[in-house]
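Please open the model in your viewer and keep the selection tool at hand, since this tour moves from one selection to the next and says what is to be found at each stop.

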Amino acid sequence: MSYLKFDKTLMINLQESLSREILRANQKGAYHSTTIVDCNTRKYHGLLVMPVSGMGDDNHVILSSLDETVIQHGAAFNLGVHKYQGGSFSPNGHKYIREYSMAIVPRTLYRVGGVILSKEKIFSRTDNLIMIRYKLLEAHSVTTLRFHPFLAFRSVQRLCRANDNINRHYDGVQNGIKTCLYPGYPDLYMQFTKQVQFKFDPNWYNGIEYPKEQERGYPYQEDLYVPGYFELEIKKGESIIFCAGDKEFETGYLHELFEKEINTRTPRSSFYKNIVNSVHQLYYNPKGDDYYLLAGYPWFKVRARDLFISVCAVTLVPGEYDRYENVMRTAVSALYRFIKGGESDPVIHEIDSPDVLLWAIWSMQQYRLKEGLEKAREKYRDIVEEIIKYILSQSHPNLKLSDNGLLYSNGRNKAVTWMNSMVNGQPVVPRSGYIVEFNALWYNALKFYKELNDQVPMDRIDSLIASLDVSFPATFVNKYNYLYDYVDGPVQDWSVRPNMVIAISCEYSPLTKLQKRAVLDIATKELLTLKGLRSLSPKSGGYKPNYIGSQYDRDMAYHQGTVWPWLMGMYISTYLKIFGRSGLSFVERSMISMEEEMSQHCIGTVSELYDGNPPFTGRGAISFLMNLSAILAVIDMLKKYDIEYK
């Protein structure tokens with residue numbers, strides 16, 4: 001039985017099925033995403049969405065969808081689903097769905113009269129290629145399949161409008177055609193594993209709507225071009241494969257390729273395997289020997305902070321050491337280029353953010369905790385030393401060392417922390433001055449640096465640590481025994497935020513155990529949910545728990561009460577250090593709550609954030625690296641207590 005399985009009752013209920021999305025991606029940044037009934041609800045959805053060389057950083061929707069039609073005795077039954085103006089759906093192919101499952105690949109089972117048709121989709125790991133395998137399981141008479149491809153050839157940031165500028169020309173290729181609507185785009189090859197007839201019958205389908213964009217206050221209607229249709233007969237028990245990609249394939253090889261791709265997949269047969277499978281969707285190897293981790297889908301690119309926070313857990317917990325080595329080799333090279341020459345990286349964005357160097361050292365410390373001091377010393381002592389010296393020399397443009405040992409960063413006019421939403425060119429949360437997690441990470445970095453050099457006298461480092469032992473608690477611990485979020489001159493920010501939990505979760509801390517316990521208690525009372533930690537306490541001013549509405553409304557709410565699962569990893573690590581085995585029942589309940597998300601929002605993965613109030617609805621990006629990382633980190637913590645997830 002499939003771990004992820006949805007029956008007819010849910011599938012035909014569009015209110016339920018349209019809220020559930022799927023994602024399949026390769027390591028080139030291309031992907032396939034839609035809903036479980038194959039009705040696109042976002043401008044980011046499509047059968048084949050891919051980067052296009054020379055056309056910017058955005059992905060491009062090439063093939064939006066493929067409508068299948070079953071024909072028997074001259075009667076046509078269309079399996080497609082599109083939303084049009086006025087809330088109407090046409091055709092209504094979802095009513096023929098009997099079951100949807102995702103054991104290894106997404107599989108939809110249709111029943112049309114006496115016809116039972118299976119559809120399985122797989123996205124190639126190495127090529128910009130979507131493959132769909134159809135198998136006729138049952139039929140009592142001759143059955144014909146017809147396929148209408150809906151073409152877009154547009155950026156994910158734009159929408160199509162019917163126009164006369166498209167190139168309607170197509171050429172025949174092996175068992176299919178190739179076509180390209182606009183200059184600058186690659187040809188789209190659409191092929192089958194058996195001979196197929198293509199009927200050129202060009203039409204624009206006008207007024208297709210994307211309700212997710214409508215909810216977000218964006219333009220949400222577009223017109224899609226259908227050049228005609230493919231048609232072929234299929235026999236009972238026969239399988240055929242349709243493929244669409246940016247190059248021609250030898251169609252006789254597609255059945256073998258489909259099986260080969262299946263054999264490389266992690267089965268989605270458990271919570272743990274779903275998380276690992278979802279992480280695999282985020283590996284990014286655009287060319288050569290450079291390897292990265294995307295921050296999330298469908299709109300995020302590679303971000304330095306997200307990469308360093310996540311890389312250890314997502315690679316080392318599943319035992320994928322080669323992937324760890326590849327990603328860190330690429331990232332450390334980028335760090336050296338920034339430190340030595342001030343170079344930004346063309347792929348790893350935001351490497352100049354003031355806390356990224358501190359998170360980088362934290363990441364290397366996570367490796368030390370997992371693999372031991374000697375290995376960490378051999379790999380990372382030099383780069384840690386370079387980072388520490390760089391900060392001490394006051395070379396960073398927005399990270400300045402004060403006489404009291406604390407680091408100062410100016411975030412009044414530009415967001416400099418992970419709480420990075422901006423409105424009208426100004427940060428929504430203007431965290432500036434002595435920022436609590438920056439300075440906790442700084443203290444931790446200095447102590448880790450000493451650990452890597454335990455035989456070397458370090459008078460200046462010892463002096464700084466001694467200063468921070470005094471200045472950190474004096475600056476951040478307030479009279480209510482939690483931590484100010486930031487202190488900037490006379491400004492002390494009293495907002496109860498989860499950044500203080502990041503501070504107490506560090507391996508080395510200038511706080512006492514009692515002070516950590518007090519901070520944890522406040523976080524538990526005001527921030528904790530079973531989906532993660534709120535970004536702001538409901539008792540603090542400006543609490544906005546629901547991430548809904550226009551872009552402005554969502555930006556204002558982004559870090560003002562929404563729940564972020566990645567912070568749960570920081571919370572639980574501290575919780576278990578304080579409570580040990582007595583805290584296990586709570587941790588297991590948290591994991592059960594996250595396991596529930598496997599059948600919600602984007603199937604088999606975890607959303608970027610959640611509303612701050614019940615029912616804690618998933619919002620934002622449909623799959624988010626740091627959240628997957630936190631879950632794997634917690635799974636690793638539980639191993640120490642003989643609790644295994646497999």
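Begin by selecting D488, which in this predicted model counts as buried, at 12% relative accessibility. Add R412 to the selection, and you will find the two residues joined in a salt bridge whose closest N and O atoms are 3.0 Å apart. The pair links distant parts of the chain, for R412 sits in the loop between β24 (407-408) and β25 (422-423), whereas D488 belongs to strand β28 (residues 486-488), 76 residues apart. R412, unlike its buried partner, is partly exposed, at 42% relative accessibility.

Next select K340 and E386, whose side chains meet in a salt bridge with an N to O distance of 3.1 Å. Because K340 lies in helix α7 (residues 321-341) and E386 in helix α9 (residues 373-392), this pair ties together parts that are 46 residues apart in sequence. If you colour by accessibility, K340 should come out as exposed, at 57%, and E386 as partly exposed, with a relative accessible area of 24%.

For a salt bridge within one helix, move to α13 (residues 513-526), where D521 and R517 lie 4 residues apart, about one turn of the helix. Their side chains meet at 3.4 Å, N to O, and both residues are partly exposed, D521 at 29% relative accessibility and R517 at 36%. Then select D38, E68, K119 and K121 together, which are joined into one network by salt bridges that share partners. How many salt bridges are there by this rule? The count comes to 40.

Turn now to the interior, and select M364, I388, W442, M500, W566, Y571 and L632, which touch the most other members of the largest nonpolar core, a set of 219 residues. Helix α10 (residues 436-452) gives this core its largest share, 11 residues. Centre the view on I388 and display its surroundings: apart from neighbours within four places in sequence, this residue is in contact with I361, W442, A445, L446, Y449 and I461. A second core, separate from that one, has 11 residues, among them V105, M131, L257 and F258.

I461, one of the contacts of I388, leads on to helix α11, where it is among the buried residues. Select residues 459-476 to show this helix of 18 residues, which reaches 25 Å from its first C-alpha to its last, close to the 26 Å expected at 1.5 Å a residue. Looking along α11, you should find a kink of about 30° centred on L468. L468 is itself buried, as are I461, L464, I465, S471, F472, P473, T475 and F476 in the same list for α11.

As a last stop, select the cysteines and ask how many disulfides a search of the whole structure finds. The search finds 0, and two of the residues show the distances involved. The sulfur of C160 is 13 Å from the closest cysteine sulfur, that of C180, which is too far for a bond, while C160 is buried, with a relative accessible area of 7%. For C312 the closest cysteine sulfur is in C506, at 14 Å, again too far for a bond, and C312 also counts as buried, at 8% relative accessibility.

Conventions: Residues are numbered from 1 along each chain as its sequence is written. This is a predicted model: local features need pLDDT of at least 70, side-chain atom pairs count only at pLDDT 80 or more; totals for chains, interfaces and linings use all residues. Side-chain values use heavy atoms; hydrogens and water are left out. Helices (H or I, at least four residues) and strands (E, at least two) are DSSP runs, numbered from the N terminus. The expected span of a helix is 1.5 Å times one less than its number of residues. The bend at a residue is the angle between axes fitted to the seven residues ending there and the seven starting there. Buried means under 20% relative accessible area, exposed over 50%, partly exposed in between (1.4 Å probe, protein chains only). A salt bridge is a side-chain nitrogen of Lys or Arg within 4 Å of a carboxyl oxygen of Asp or Glu. A nonpolar core is a set of buried Ala, Val, Leu, Ile, Met, Phe, Trp, Tyr and Cys residues joined through side-chain atoms within 4.5 Å. Contact means heavy atoms within 4.5 Å. A disulfide is a pair of cysteine sulfur atoms within 2.5 Å.
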